[in-house]
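Hi,

I promised to pass this one on to you, so here it is. Have a look at it first, and then read on for what turned up.

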Amino acid sequence: MTSDRPASEATTETHAREPDAPQLPSAERLVNLTPHEVVLQATVPPGEGDDLDRAEPATVRLVAQGRFARVDDDASRLSQGWLNAGTSLIAVTRLRRSGKLKDLPRPEPGTRLVVSRVTALAARHRRDLVFPLGEVRDPAGQITGVRGLAAFRPGWAPAQWYRDRRTAARAGLAARPLGKEWLTGVLFAAATALLSGFLALIPGAADNALRHGWAGGGLAWTSWSSIGCLVAGGALLVAGARQWRRRTQILTERGTAYVIDEVAIPWQHEEKESVLADIKAGFARTLLVPGPGALGDAWQWQGDAESAACWDEKADALVRSFWAVHYNDDQVTRNALFTWAPWPVAMAFGARATARRRGLVLNVRQRPSYGAAGSRQELRITDPAHDFLRAAPPEPLEHSAPEHSVTCLRGHLTLSIESPATRHADQLPDSPSPGPVTPHGRSASPRLPLLLLVRTTHDAIGPVPLNLAEVPPVTVHVPERLAASVLPAGTHTVPVVEWRLDCASTPVPQLPWKAFPAAAEEIAGWVVAQAAAHPDHVVLLATRIPQELSVGLGIQLGQRRHEWPHRAYPVFYERGRLIVPDLMLGAESVTMERS
């Protein structure tokens with residue numbers, strides 16, 4: 001449910017909450033001192049005892065007050081000249097930096113003033129000024145709202161400046177290369193040897209100094225050698241201690257590496273062991289998250305009739321296993337996630353692990369790959385991790401991946417939906433009967449699918465080639481429950497829409513790691529828009545994307561559960577067949593659980 005709250009002034013209210021729940025901030029008024037209406041994405045304050053993560057989305061509209069707080073340009077004017085643009089002359093005014101403002105009222109307790117970014121920057125000494133941040137645009141590129149508000153750090157705040165600098169410095173540690181451990185050992189060993197030499201020489205040198213003076217009596221070499229050993233040994237000891245401290249700080253900042261190893265068929269044992277050894281050496285701790293197969297079940301993520309029907313419950317088991325491992329780890333340090341899993345499992349894990357557990361943030365790291373996204377054999381631990389959170393909007397995709405462009409295609413294809421119960425039937429039912437109740441307690445009936453394709457590499461998705469006009473009739477295999485309650489068995493003409501990453505050069509280069517958050521954000525918004533344009537369809541999602549992007553797309557799902565399509569399922573290519581495993585990737589899959 002989305003609620004619009006048109007208001008010239010808006011407040012956020014405080015409600016009583018559980019002892020372990022984070023407290024809401026005190027209520028404050030918002031007064032819009034910009035020349036236009038400000039549309040804010042927000043959430044409805046939860047009621048007593050409700051989880052903040054369950055809050056419903058809302059839209060807050062701040063009507064302009066008719067009073068425009070701004071920098072006084074007239075008072076800061078220096079001179080005026082002209083700019084020759086070739087076909088015309090344009091006036092150019094030189095201004096001095098000025099903190100003189102017009103129509104900005106005095107601070108009032110409990111009131112925040114919404115102003116422009118320039119005004120807030122000119123009045124950094126004011127703690128009551130906020131400005132819109134995070135533009136939301138429609139398909140035409142027009143701004144329709146903002147994701148939130150922001151404020152500058154006050155101009156004179158030494159304690160806050162120190163905290164910010166310290167936080168930034170610690171965050172930068174994780175990206176620094178880890179010093180060689182053997183070098184630390186060599187430094188300590190050399191320091192120990194030199195200081196031992198000093199301790200061996202100094203008694204004789206001191207006794208000689210009492211009798212003949214320093215370096216007298218023919219012991220000049222011994223006397224000065226003891227001092228040299230002391231100085232050199234002390235310097236090496238300090239260097240070794242700094243090297244050890246720096247290495248410890250970097251490992252602490254990188255935190256714990258969680259490894260989800262559910263499948264890696266193309267990998268040789270030696271290759272994986274080498275990568276895992278590098279991960280263990282690069283983080284303070286490395287924890288393997290045991291999957292369903294490691295917990296005693298004879299389980300693999302396969303597309304046969306028996307296995308495909310169990311993907312959903314096995315994905316939940318994987319998430320619970322991660323929670324158990326994470327619970328016993330240090331909750332303060334960062335985490336790093338390395339994933340080997342089929343892309344639907346990676347996406348379901350990202351969605352359920354974060355959306356069902358309040359406050360959990362996954363810092364996704366890139367691992368070597370030999371899969372569909374291309375070969376990448378180097379493990380770059382110094383690359384920053386991505387949490388795929390929407391609180392801080394990522395850099396736009398056209399900026400983070402300037403070589404790439406997004407192409408959206410659409411068409412129709414003939415899709416045959418086949419289940420074990422209908423595979424050998426002579427006739428398929430003309431109209432499927434209403435299905436049973438879904439695992440989440442909602443009654444379901446079959447609906448025609450909407451096939452969404454996402455490709456960051458120019459490769460076919462099973463029998464679906466790059467040219468949608470040449471797609472032959474396609475057959476997907478579904479478990480019996482889905483054929484009875486979600487997807488109508490039989491042959492249908494269904495809409496297909498594709499989000500594709502293109503490039504002017506051939507072959508298409510890999511998507512840069514820094515562009516993954518922007519790609520996840522754009523793909524998620526595209527999925528939401530396509531599902532909204534086809535409200536009576538069940539979304540089937542087929543992809544050729546890296547697993548890290550699959551995890552990020554799942555994290556996006558968890559943050560967009562109020563707008564994400566209610567029912568969505570993956571299409572997975574395995575052993576020459578397209579299968580739709582019983583693995584929910586819709587909004588119904590991320591119902592909340594208490595931490």
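A word of caution to begin with: over residues 426-443 the pLDDT stays under 50, and for this stretch the model has 34 contacts beyond four places in sequence. This is a predicted model, so please keep that confidence value in mind as you look around. Residues 11-21 also have a pLDDT below 50, with 31 contacts beyond near neighbours in sequence. For the protein as a whole the average pLDDT is 82, and 85% of the residues score at least 70.

Now the overview. The protein has 595 residues, of which 44% count as buried. Its secondary structure comes to 12 helices and 23 strands. Among contacts between residues at least 6 apart in sequence, 73% join residues at least 24 apart.

Next, the interior. The largest nonpolar core holds 65 residues, and the members that touch the most others are F322, F349, L397 and W564. Helix α11 (residues 516-533) gives this core its largest share, 10 residues. If you would like one residue to start from, try F349: leaving out residues up to four places away in sequence, F349 touches I260, L318, V319, F322, L337 and L362. There is also a second, separate core of 26 residues, with V464, V474, V476 and V486 among them.

One of those contacts of F349, I260, leads to a small piece of sheet. I260 stands opposite T339 in β15. Strand β13 (residues 256-261) runs parallel to β15, and six bridges join the two. Together with β14 they make an open sheet of three strands, in the order β14-β13-β15 with parallel pairing. At the edges are β14 (285-289) and β15 (335-340); each has a single partner strand, so one side of each is left without a neighbour in the sheet. On average, neighbouring strands here are turned by 20 degrees against each other, direction ignored.

Finally, do look at helix α4 (residues 220-254). How far apart should the ends of its 35 residues be? At 1.5 Å a residue, α4 should span 51 Å, and its end C-alpha atoms are indeed 51 Å apart, so the two agree. The buried residues of α4 include S223, C229, G233, G240, R247 and I250. Just after the helix, G255 takes a positive phi of about 75 degrees.

Enjoy exploring, and write back with any questions.

Best wishes

Key: Residues are numbered from 1 along each chain as its sequence is written. This is a predicted model: local features need pLDDT of at least 70, side-chain atom pairs count only at pLDDT 80 or more; totals for chains, interfaces and linings use all residues. Side-chain values use heavy atoms; hydrogens and water are left out. A nonpolar core is a set of buried Ala, Val, Leu, Ile, Met, Phe, Trp, Tyr and Cys residues joined through side-chain atoms within 4.5 Å. Buried means under 20% relative accessible area, exposed over 50%, partly exposed in between (1.4 Å probe, protein chains only). Helices (H or I, at least four residues) and strands (E, at least two) are DSSP runs, numbered from the N terminus. Contact means heavy atoms within 4.5 Å. Two strands pair if DSSP finds at least two bridges between them. Axes are lines fitted to C-alpha atoms, for helices over the stretch in contact, and angles run from 0 to 180 degrees between N-to-C directions. The expected span of a helix is 1.5 Å times one less than its number of residues. pLDDT is the predictor's confidence in each residue, from 0 to 100.
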